[in-house]
Amino acid sequence: MRLEFELNGRRTVVNIPPGRRLLDLLREDLGLPGTKEGCGEGECGACTVLVNGQPTLACLALAAHVQGTAVCTVEGLAQAGELHPLQNAFIEHGAVQCGFCTPGLLMASYALLQKNPNPTRHEVREYLAGNLCRCTGYDQVIDAVLSAAKGQRCP
Amino acid sequence: MRTLEGLSIERPATLVGAVELLADGGQPLAGGTDLVVRLRQSESRPRRLVYLGRIPELRALSVEEGSAEIGAAVSHAEILSSPLAARLPILRQALSTIGGPAIRAMGTLGGNVANASPAADGLIPLYLLDAQVRLAGLTGEREIPLSSFVRGPGAIDLRSGELIRSLMLPFPAGTPLSYFRKVGRRRALVIAVASLGALVWETQGKIAQARVALGSVAPTVLRPAHVERALVGRELHAGSLEDLAELLSEETRPIDDLRATAAYRRQVAGSLLVDMAETLSNQE
Ligand SMILES: Cc1cc2nc3c(=O)[nH]c(=O)nc-3n(C[C@H](O)[C@H](O)[C@H](O)COP(=O)(O)OP(=O)(O)OC[C@H]3O[C@@H](n4cnc5c(N)ncnc54)[C@H](O)[C@@H]3O)c2cc1C
Ligand code: FES
């Protein structure tokens, strides 16, 4: 199919099978390997991206699902060479260890702050329930999201 | 794991267009949160999927005086952020436990119903509200009660060429208390080991009427008729329903599987009824 969508603000047109996963499309066809594949079954959240602002699992979404939408991946967070405040907060709070779950956590956190710029600790924890981390633990991540919420406006 | 790249996927923009493609051997695709996982695991597969997310009738959510109609392709997240979530707390309570935010943004109510899992959280409020399923096919439409539409695990009364157009929800009279809880092995993204939802009408400290629905303790979601009757006239407070746990487990028909034994599921269902009494008594 001829797939037309907006990717990190840029109009993108590709010719691909409609059953191609968004994950493979991003990583292999469009050279954006920031989005990770952990489980491939919707359980871990490592592949979280935004589709029309909604958190979406790129391992379950097919090309046919994203026709005409706006997709935002972790590569779209930094603007003009400046890390996004959420990214800086993750670094400051040591919320990254092996880093594999980080892009998914960043995108889920970003989606949360778009909807709810002043979340409580409990709300952050609930919202990140679909994102697994197997090394750092979640406290630093939650601290990072809370501090980014305080000091920033999402662009 | 197999790739799905050999599949053709149609994206009809009209209900008629979708029904024609389905009659021609297509299979519905909504959010894909069940279907994509299932297709990637299986050897055999349909050649053609029909994506339902562009059809206006399936994307509509309307609230009338005494009822609501939810299009089959409306996502759980969309229902949760609609005014209906405040009007029907039981719907909000159950849908907000489905997966994480991304699964709720992708997954649809129609997909949850069509999947007909005995553990489906969306089915519990629909059984409690005596929902009707509105089906559309080549020769027209029909409406049937959800409880006769769902036949068993993964088995539904969907004829060839038909799709679920919407779910019709009559509002319960008055303002019942509502309870939903599922027990699973992990808090987020859990598939229930057992779940219980209820609508309870109370007058002067006693239950006047109750509807109860149980998940994961039988091949389909279950309304335990004996327990619903036995609840009438009872009080709600901590421990007040302990004697009914036995009656409840007699009405279940659980299976042993990977996640839990039948005996454990029975026991959990009974405990949930006891928990309901305590939780609702604190809510009044
Ligand atoms: C990680 C994860 C966690 C989950 N957690 C939960 C949970 O906690 N609780 C829960 O209940 N479920 C859960 N699910 C299951 C799933 O997300 C839900 O059942 C969801 O509602 C399915 O909707 P969908 O739109 O994604 O369906 P799809 O996958 O698109 O379709 C599912 C089935 O329904 C058919 N279908 C879809 N729409 C129609 C229609 N309009 N008419 C006829 N047939 C149709 C499809 O052909 C397919 O057979 C989870 C899934 C995953 C991957
Ligand atoms: S890779 Fe998509 S959820 Fe795990």
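How do the residues of the shell around ligand 1 divide into nonpolar, polar and charged? The split is 14 nonpolar, twelve polar and six charged. Keep in mind that this is a predicted model. Ligand 1 sits between chains A and B, and chain A itself is divided into two domains, covered further down.

**Around ligand 1**
- There are 32 residues around ligand 1, and B:P28, B:T33, B:L35, B:T108 and B:D121 come nearest.
- On the polar side, B:D121 puts a polar side-chain atom 2.6 Å from a nitrogen atom of ligand 1.
- B:H76 has a side-chain N or O atom 2.8 Å from an oxygen atom of the ligand.
- With B:G31 the backbone does the job: one of its N or O atoms lies 2.8 Å from an oxygen atom of ligand 1.
- On its own, ligand 1 has 990 Å² of accessible area, and the protein covers 93% of that.
- In chain B, the elements giving two or more residues to the shell are β2 (27-29), α2 (35-41), α8 (109-115) and β10 (163-170).

**Chain A and its domains**
- Chain A splits into domain 1, spanning 2-76, and domain 2, spanning 85-149.
- Going by C-alpha atoms, the centres of these two chain A domains are 21 Å apart.
- Domain 1 of chain A brings 17 residues to the contact, and domain 2 of chain A brings 14.
- Between them, the two domains of chain A bury about 1,100 Å², with 67% of it on carbon and sulfur atoms.
- A:T48, A:L50 and A:V74 supply 37% of what domain 1 of chain A buries against domain 2 of chain A, more than any other three residues.

Terms used
Residues are numbered from 1 along each chain as its sequence is written. Chains are lettered from A and ligands numbered from 1 in the order in which they are written. This is a predicted model: local features need pLDDT of at least 70, side-chain atom pairs count only at pLDDT 80 or more; totals for chains, interfaces and linings use all residues. Side-chain values use heavy atoms; hydrogens and water are left out. A residue is near a molecule or strand if one of its heavy atoms lies within 4 Å of it. A polar contact is a pair of N or O atoms within 3.5 Å; within protein, one must be able to donate a hydrogen and the other to accept it, and residues adjacent in sequence count only if both atoms are side-chain atoms. Accessible areas come from the Shrake-Rupley method with a 1.4 Å probe; for residues, only the protein chains shown count as cover. Helices (H or I, at least four residues) and strands (E, at least two) are DSSP runs, numbered from the N terminus. Ala, Val, Leu, Ile, Met, Phe, Trp, Tyr, Cys and Pro count as nonpolar, Asp, Glu, Lys and Arg as charged, and the others, Gly among them, as polar. Domain bounds come from an automatic or database domain assignment. Contact means heavy atoms within 4.5 Å. Buried area is the accessible area (1.4 Å probe) that two parts lose on being put together, summed over both.
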